[in-house]
Each structure stands twice: as structure tokens, then as C-alpha cells.
Amino acid sequence: MIPAAFTYQRPASLDEAVQAIAGGDAKVLAGGQSLLPLLKLRLARADKLVDIGRIGELKGYRSMPDGGVEIGAMTTYAEWQAATTFPGMAEAIDRIGDVQVRNRGTIGGSIAHADPASDAPAITLAFDGSAVLRGPGGERVVPLDGFFEGPFQTAMRPDEILVAIRRGPVPDGARFAYCKLAQPASGYSIVGIAAVVAMNGGLISHARIGVTGVHEHPYRATDVETALEGTDGSAEAIAAAAAHVTDDAEASSDIHADAEYRAAMAVVYTRRAIEAALGR
């Protein structure tokens, strides 16, 4: 497995990296866990490979003044796992890939690559995350809800680099859980559901559900959220809400699972994720 010929550039700063990808067919190399196999198999090609792995400003886990969090795009899963203090997050990250992937793969690489079965998009969607992008025209922030447009397709422009993932403050008392049905060999999600749920006065006041593995791209299950908010979080209310997980998203079929099975498991794992977030 030998990739087609390409030129290689390793910029020392973010400004240099933005200049390097301008014009031509350039691809950005982060952790390399997804791009390099595709290049070797010649399922992807690049005239130029721009390695951003040594740009220090793209790393780090930073608390924001408003109570939110910003994670640099080149932060590895292992670094994210070590830095997070949100209950349940470290355990969720531990289910991403294997040790090698968690130590080499990056959160920015995962979001930019937009694999339909990747775990990080579902988790960040459940936290109302946004992508911070940098291009020749400066910086712009794009909500992840709507950022994923298709299999391996995003709203990022060809001359932009994903520099960070940012989320705002989480409601008081909110709890998180991630439940997945993993493909045994690869660890990718056949179905992956991330839930952030808060209760106030005995009723669910906040619900965010991120979904991966089910549709052609990760998405927020807003129909589930709407059905869940305002209920008492009973088993009946959770089951009724979970039934809406594929209302606006057609389940995919592949060699691992057909659409009917995926849709059925999406309901099951949505229910489980909500229950786990509520401590059931």
C-alpha cells in the first residue's frame, strides 16, 4: 500500500498552515489515524500534505470565562481524557478506538474527517459544540448542529483549518452518558448515542442527544429532545421520546447492519443513554 506522490510541508505556525493550504489540492494531516490509511489505499489523494502536528497553539484544554470549554484541534483523545472533569466523559472517551488511536488520534481530526460512525461528533453535538475555523478571511465559529453535511463532508471550506472545538456552559445539574453498539473489529459505532440531560423541579429541563453511526452523517436528534423536555423522566416518557430518534434521519445499511436493525438499535441505545444520564 503506497500512496500517490505528494509534497510535504510542516508549518511552524497557524498562519503558515493557512497559507500552505491556499490553492491546489492540499490535505491537512493531524493525527493521521484516518487520512494516512486512505492515502495508502489510494482512496484519497493530495498534491500536498500539510502537517499541523507541531503547532503548539492548536493543543490544549481550556476553561472559558463563561463556564464553557475550548479544546484545541490537535488535542489527542488521551489528552482530552486526562483533562476533562465532566462526570462520565473520561469513561466515554475510553470507548473510542483503542490505545493507539486515543494516543495519536485528535478531536479536531475526527470532527473535520466527519466519519459517519465516529464517536467524537456525537459527544460534541450533545454538548452544543461549535467548530472554530481559521481561513484567509479570519476566524469563524460554526455550530456542529448542521456542520456535518454528508459522509466525510462538512461545512468547512477548502481554505480553512479547524483550530478548536468550543462549547458553552452546561446547565446546572446536567449529567452526561454515552452508549454505543460497537463494530467488534474496528470499534466504530454501528449506533452511538450521547445524552446530556438536566432536571429541575422534578421535570427534565434540558436534553441534548447526539447520534452517530445511524445516518449518513452525525446529527442531533431534536425530536427526541423536544419529546423529552418537560416530562418527569419516567421509563414511559423516555421510551416514548427515544422512539423519535430516526424521525428526521434515514438509517443507513452496510455490511455491518441493515437499516431496519440500525433504526431499532438506535431506539434502544437512545433509551439507554438517557437512562444512564439520569442515573438509572
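**View 1. Elements that line the largest pocket of this predicted model.** Five elements each supply at least two residues of the lining: β2 (26–29), α2 (35–40), α6 (107–113), β9 (153–154) and β10 (161–167). Helix α6 gives the most, with five residues. The pocket has a volume of about 1,200 Å³. Its lining counts 47 residues, and those closest to the centre are Val28, Leu35, Gly109, Ala112 and His113. By class, the lining divides into 21 nonpolar, 18 polar and eight charged residues.

**View 2. The second largest pocket.** This pocket has a volume of about 300 Å³. Its lining is made of 18 residues. Nearest the centre lie Asp115, Pro116, Ala117, Asp254 and Arg262. Seven lining residues are nonpolar, seven are polar and four are charged.

**View 3. The largest cavity and its lining.** The structure holds one cavity of 30 Å³ or more. The volume of the largest cavity is about 160 Å³. It is lined by 14 residues; Ile71, Trp80, Met89, Phe127 and Arg167 are the closest to its centre. Strand β5 (69–72), helix α7 and strand β10 each contribute at least two lining residues. Of the elements, β10 gives the most, with three residues. The class count for this lining is nine nonpolar, three polar and two charged. Strand β10 also supplies at least two residues of the lining of the largest pocket.

**View 4. An open four-stranded sheet.** The strand order is β11-β12-β13-β14, and the pairing is antiparallel. Strands β11 (175–182) and β14 (219–220) are the edges, each pairing on one side only. Strand β12 covers residues 189–200 and strand β13 covers residues 203–212. Nine bridges join these two antiparallel strands. Ala195 stands opposite Ile209 in β13.

**View 5. Helix α10 on the sheet.** Helix α10 spans residues 259–277 and packs on the sheet. It touches β11, β12 and β13. The direction of α10 makes about 35° with that of β12. Arg262, one of the residues nearest the centre of the second largest pocket, falls within the residue range of this helix.

**View 6. Ala114, a positive phi in the loop after α6.** Most residues other than glycine have a negative phi. Ala114 has phi near 60°, a positive value. The residue sits in the loop between α6 and α7 (119–126). Is Ala114 buried or exposed? Ala114 is buried, because its relative accessible area of 0% is under the 20% cut-off.

**View 7. Asp128, a positive phi in the loop after α7.** Asp128 has phi near 55°, again a positive value in a residue other than glycine. The loop that holds Asp128 runs between α7 and β6 (130–135). How does its exposure class follow from its accessible area? The relative accessible area of Asp128 is 32%, which lies between the 20% and 50% cut-offs, so Asp128 is partly exposed. Of the two positive-phi residues shown here, Ala114 is buried, whereas Asp128 is partly exposed.

Terms used. Residues numbered from 1 in each chain as written. Predicted model: local features only at pLDDT ≥ 70, side-chain atom pairs only at ≥ 80, totals over all residues. Heavy atoms only, no water. 1 Å grid on protein atoms, 1.4 Å probe; cavity = no way out; pocket = protein on both sides within 12 Å on 5 of 7 lines; lining within 4 Å. Points joined across faces, edges and corners; volume = space filled by probe spheres on them. Nonpolar A, V, L, I, M, F, W, Y, C, P; charged D, E, K, R; others polar. Pairing = 2+ DSSP bridges. Contact = heavy atoms within 4.5 Å. Axes fitted to C-alpha atoms, helices over the stretch in contact; angles between N-to-C directions. Buried < 20%, exposed > 50% of the residue type's maximum accessible area, 1.4 Å probe, protein only.
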